[in-house]
Amino acid sequence: MNRAIRKVAVVGSGVMGSRIACHFAGIGVQVLLLDIVPKELNDAEKAKGLNPESKQFRNRIVNDALQATLKGKPSAVYTKDIIKNISTGNIDDDLPKIAECDWVIEAVIERLDIKQQIFTKIEQYRKPGTLITTNTSGIPIHLMNEGRSEDFQQHFCGTHFFNPPRYLRLLEIIPAPHTQPEVISFLMEYGDRHLGKTTVLCKDTPAFIANRVGVFGFMAVFSAMQQLGLNVDEIDTLTGTVMGRPKSATFRTGDVVGLDTLVHVAKALPENVPQDEMKDLFRLPPFLEKMIENKWLGDKTGQGFYKKVKGEKGQSEILTLNLQTMEYGPKRKSRFATLETAKPIDVLKQRLKALYAGQDKAGEFYRLFHHLLFAYASNRIPEIADELYKIDDALKAGFGWEIGAFESWDVLGVTKVAEQMQAAGTPPAAWVSEMLAQGFTSFYKTENGKRKYYDIKTKTYQPIPGADTFIIMEHLDEKVVWKNSACKLYDIGDGVVALQWNTKMNTIGGEVLEGVQKSIAIAEQQYKGLVIANSGANFSAGANVGLIFMFAAEQEFDELDMAVRQFQAATMRMRYSSVPVVVAPHGMTLGGGCEMCLHADAVQAAAESYIGLVELGVGLIPGGGGTKEMALRAADRNIKEDIEVNYLQQLYINVGTAKVSTSAHEAFDNFILRKGYDNISINPDRRIADAKRKVLQMHEMGYTQPTPRNDIKVQGRGGLGGLMAGLHGMWRGNYVTDHDKLVAEKLAYVMCGGDLTQATLVSEQYLLDLEREAFLSLCGQKKTLERLQSILQTGKPLRN
């Protein structure tokens, strides 16, 4: 059957329920959010004269929960206006409304008896064929639908979202004994395409996949820490971004998630899976028992492994828990020779090899931890999953790991590490030894651009199901059309090529700009169009600041001028190529990365794209065509809306405050993305394939090379006066520094078209020349140099 999801009911408005509701609302689905009626009136309600029948009282729990979610940070929503898609109510009065819904999600407290009571009530009003799922994190799915009708059981399963659902992409789908196969197929597809999730089909085993292995990862760290005598600060230094884990590492993650949640899973597993060979490792260490007893549960109670306090001078200070004394003290810096060797290595796979090979205590830790992880993960097959790639997918999407367990093992060398594990008394599962004995020495391999995994049942490599949906350029090495030391141009099929570059934070320098020019030239000669995308953590952090600083510090202004001209030429080449150019950004898309988006024929952005022109933060203005483009867009919008200055002022403020959109959705509101031209891929893994489709669509519609603009209406002194007056007020009120004022004046001058006596039609090249001159003049400022140097040293601009 063709199933459409127009309206979803979420029953339970706690942390997960409210955030799930917001995620659905963010993709345009209507949501009914329900919770229980409060037991009694509070003092504020009594003061207002409310009674137990007042709607405001009866919906207090759900409304308070939703408002708390909307105010939370990081934001649970793409834009605040999604609230219009959510209606609230209570279970006693509003449960009949679920008859209007296509999908009902239960998200109440993790107690089987309460969930069963809710399902009994839901079945009274749910229309036949409606999807009904539970957001449990570990209660056996088969126990929940006992006693339910046949139709209920056929449309029931587990849908385990991870918190926060906007950012953690894992959605575990757990069939119940009688779930119809089409229901599972639909949810797998819907979760991927519409919710942007990595959907993983799980067996109905305790804690499913991600929590089973992920929580073991926490316990393995605790065990290794105690064996090697390491402390909290040292562990978080060793287990963060350096090894491809989230910045919050181990103990900070525990504080954010809540130690009660971690302990709940850790305690339940030995009871529910007594045959687990590592069950002893799940025993809570004494320090964790004490923390639970003291209610030091992390952020939710104000202290956990870390505690924020006010220092003597009123400044915030983070203290660390000493696990021996159970007292808090100042954070201690951690130094390891292994880390000093590994940190300069930009590529994670190469860095992992250096960490694992370390000869100090850090190296011992990495070997001990990985041996435990690899042994445990391999022994979970086929218990929790028949296919090894599901474990890797779950860990990456649910715990934010950049690289999965089996992927890491491949990097370190399966044969070598298996021998070391055997020698250390932590042998891998028997099937790993059998695999190696048959001559298969890796868990994954790529053939003809298709990624395959070692399948234990058939003892052969099999394609990863659904992988054809995505375009992963790293798997297309045999399809490279052109390359230089920074860039590769790939043939991604159907007459489309895609450019990718690999530099530190994907910054844009001369070789990347050469890559853009060369790629467009090749596409114009032989292909239908070009996609520009990256598959690292971020699309681009902007132009190469180190290069700008070097030229500016040495007063090499001719070189700087050439570099800016080169950047402007590349973005204008994108704008005026004879084939469609589509940019597919994700993550940080700042400065020069944003300017590429501004000049593309279309943008296919991942929902989690943080796009903005941030040059003002370092004492410069956008110099790669960004300032010109903002002036052009303001002029076009003013003409269409018949307003002369309003949009100019708004865009000036956006650029002047280095405003960054917190989602691709918000980028439309900030005039970075354009309605009718640009689109969003909720699932970032789909954006390159979606961008390719956009190129083909534009080609098939008869793409015509645009004509350079000579009709941009700039306001001259009329607009400049208003912008300068507002800036002067900010300066007099000490809201901006002298240097900030100078930079903002330069920005206003360019966006208004210079010192023109009246509104005038100008060309793009005229604005580009003004932009370049202003950029170069600011590079000579002492404060700009200080800010550039600060970024190079700390990653953050110096404010003065």
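How many residues lie between β9 and β10 in their hairpin, and which residue in the turn has a positive phi? There are 5 residues between the two strands, and Gly314 is the one in the turn, with a positive phi of about 90 degrees. Strands here are DSSP runs of E of at least two residues, while helices are runs of H or I of at least four, both numbered from the N terminus. β9 covers residues 306–310 and β10 covers residues 316–322, and they pair in the antiparallel sense over 5 bridges. Pairing needs at least two DSSP bridges between the strands. Across this hairpin, Lys308 stands opposite Ile318 in β10.

Before going further, a word on what you're looking at. This is a predicted model, in which local features need pLDDT of at least 70 and side-chain atom pairs count only at pLDDT 80 or more, whereas totals for chains, interfaces and linings use all residues. Residues are numbered from 1 along each chain as its sequence is written, and side-chain values use heavy atoms, with hydrogens and water left out.

Now for the sheet. It is an open one with 8 strands in the order β3-β2-β1-β4-β5-β6-β7-β8, and its pairing is mixed. At the edges stand β3 (86–90) and β8 (198–201); each has a single partner strand, so one side of each is left without a neighbour in the sheet. From one strand to the next, the twist averages 25 degrees. That angle, like the others below, is taken between N-to-C directions and runs from 0 to 180 degrees, with axes fitted to C-alpha atoms (for helices, over the stretch in contact).

You can follow the mixed pairing strand by strand. β4 (residues 103–106) and β5 (residues 131–134) run parallel and are joined by 4 bridges, with Leu131 in β5 as the bridge partner of Trp103. β6 and β7 are antiparallel, with 5 bridges, and here Thr159 has Ile173 in β7 as its bridge partner. β7 and β8 go back to the parallel sense, over 4 bridges; Glu172 is matched with Val200 in β8.

What covers the sheet? Helix α9 (residues 181–193) packs on it, touching β4, β5, β6 (156–161), β7 (170–175) and β8, where contact means heavy atoms within 4.5 Å. The direction of α9 makes about 155 degrees with that of β8. Helix α18 (residues 388–399) lies across β7 and β8 and runs at about 140 degrees to β8. As for β7, 5 of its 6 residues are buried, so it is largely enclosed by the rest of the structure. Buried means under 20% relative accessible area, exposed means over 50%, and partly exposed is in between (1.4 Å probe, protein chains only).

Next, a few helices. α10 (residues 210–228) has 19 residues and reaches 27 Å from its first C-alpha to its last, close to the 27 Å expected at 1.5 Å a residue. That expected span is 1.5 Å times one less than the number of residues. Since 17 of the 19 residues of α10 are buried, this helix is largely enclosed by the rest of the structure. Right after α10 comes Gly229, whose phi is positive, near 70 degrees.

α33 (residues 782–794) has 13 residues and spans 18 Å, close to the 18 Å expected. Its buried residues include Thr784, Leu785, Arg787, Leu788 and Ser790. An α-helix has 3.6 residues a turn, so residues three or four places apart point the same way. The buried residues of α33 pack against α23 (545–553), α31 (738–751) and α32 (764–779).

Helix α17 (residues 361–379) holds His371, which is buried with a relative accessible area of 7%. The side chain of His371 makes a polar contact with that of Tyr356 at 2.7 Å. Such a contact is a pair of N or O atoms within 3.5 Å; within protein, one must be able to donate a hydrogen and the other to accept it, and residues adjacent in sequence count only if both atoms are side-chain atoms. Leaving aside residues up to four places away in sequence, His371 touches Tyr356, Val417, Gln420, Met421, Ala424 and Thr426.

Finally, the cysteines. A search of the whole structure turns up 0 disulfides, a disulfide being a pair of cysteine sulfur atoms within 2.5 Å. For Cys597, the nearest cysteine sulfur is that of Cys594, 6.1 Å away. Cys597 counts as buried at 1% relative accessibility.
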